[in-house]
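This report concerns the residue environments, the pocket and the strand pairing of one protein model. Please keep the sequence and the structure in view while reading.

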Amino acid sequence: VTSYFNALVARDAETLIEMMLPAAHYVKIGTDADEIVEGSAEIAAYYQNHVASTEDFSITFINLDVQERDDVAWFYTRQVWKLKWQGTPEEFVMRMTGVLEKTDESWKFAQIHASIGVLTTEDTL
């Protein structure tokens, strides 16, 4: 899971794409109204656009919890994101959950859901 966030910050689209499960039941729900990827056909375009749209990206973890049972794992995290998104500086609390499936090769993300929380004094690091 931390490798996913490291790849986001590094703007490494190829690594991000490789981490996603190539399956019809793959789902990525982002924070914008139309930011949803259903199935694996649009994974590459989504992450290529994402990394092309970000600059000066840093993530500070407030918390991260990862659980695993057999061939399924899930996570919850809250983080402070600082970045330039399409040229505009932003800072916010990102809340994310996700599900991973273990394949023969490695763990792959089957589902990711993101929402923006409220940045409080306690979250400013």
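The sections below treat the basis of the values, the pocket, the paired strands and selected residues.

**Basis of the values**

The model is predicted, and local features need pLDDT of at least 70, side-chain atom pairs count only at pLDDT 80 or more, and totals for chains, interfaces and linings use all residues. Residues are numbered from 1 along each chain as its sequence is written, and side-chain values use heavy atoms, with hydrogens and water left out.

**The largest pocket**

The volume of the largest pocket is about 250 Å³. On a 1 Å grid over the protein atoms alone, a pocket is an open set of points where a 1.4 Å probe fits, with protein on both sides within 12 Å along at least five of seven lines; lining residues have an atom within 4 Å of a point. The volume itself is the space filled by probe spheres set on the points, which are joined across faces, edges and corners.

The lining comprises 19 residues, and Thr 31, Glu 35, His 50, Trp 81 and Met 94 are the closest to the pocket centre. Two or more lining residues come from each of α1 (2-10), α3 (43-52), β4 (72-85), β5 (88-102) and β6 (107-117). The greatest contribution is that of β5, with four residues. Helices (H or I, at least four residues) and strands (E, at least two) are DSSP runs numbered from the N terminus. By class, the lining holds twelve nonpolar, three polar and four charged residues. Here Ala, Val, Leu, Ile, Met, Phe, Trp, Tyr, Cys and Pro count as nonpolar, Asp, Glu, Lys and Arg as charged, and the others, Gly among them, as polar.

**Paired strands**

Strand β4 pairs with both β3 (residues 54-69) and β5; pairing requires that DSSP finds at least two bridges between two strands.

| Strand pair | Bridges | Direction | Residues between strands | Positive phi in hairpin |
|---|---|---|---|---|
| β3 and β4 | 13 | antiparallel | two | Asp 70, near 55° |
| β4 and β5 | 14 | antiparallel | two | Gln 86, near 50° |

Within the β3 and β4 pair, Leu 64 has Thr 77 of β4 as its bridge partner. On the other side of the pairing, Trp 74 stands opposite Val 99 in β5.

**Selected residues**

Lys 28 belongs to strand β1 (residues 27-29). Lys 28 counts as buried because its relative accessibility is 4%; buried means under 20% relative accessible area, exposed over 50% and partly exposed in between (1.4 Å probe, protein chains only). Leaving aside residues up to four places away in sequence, the contacts of Lys 28 include Tyr 4, Glu 35, Ile 112 and Ala 114, a contact being heavy atoms within 4.5 Å. The side chains of Lys 28 and Tyr 46 are joined by a polar contact of 3.2 Å, that is, a pair of N or O atoms within 3.5 Å, of which one must be able to donate a hydrogen and the other to accept it.

Glu 68, in strand β3, is partly exposed, with a relative accessible area of 47%. Beyond four places in sequence, Glu 68 touches Ala 73 and Trp 107.

Arg 11 lies in the loop between α1 and α2 (13-19). Although not a glycine, Arg 11 has a positive phi of about 60°, and at 41% relative accessibility Arg 11 is partly exposed. Gln 86, in the loop between β4 and β5, is exposed, with a relative accessible area of 56%.
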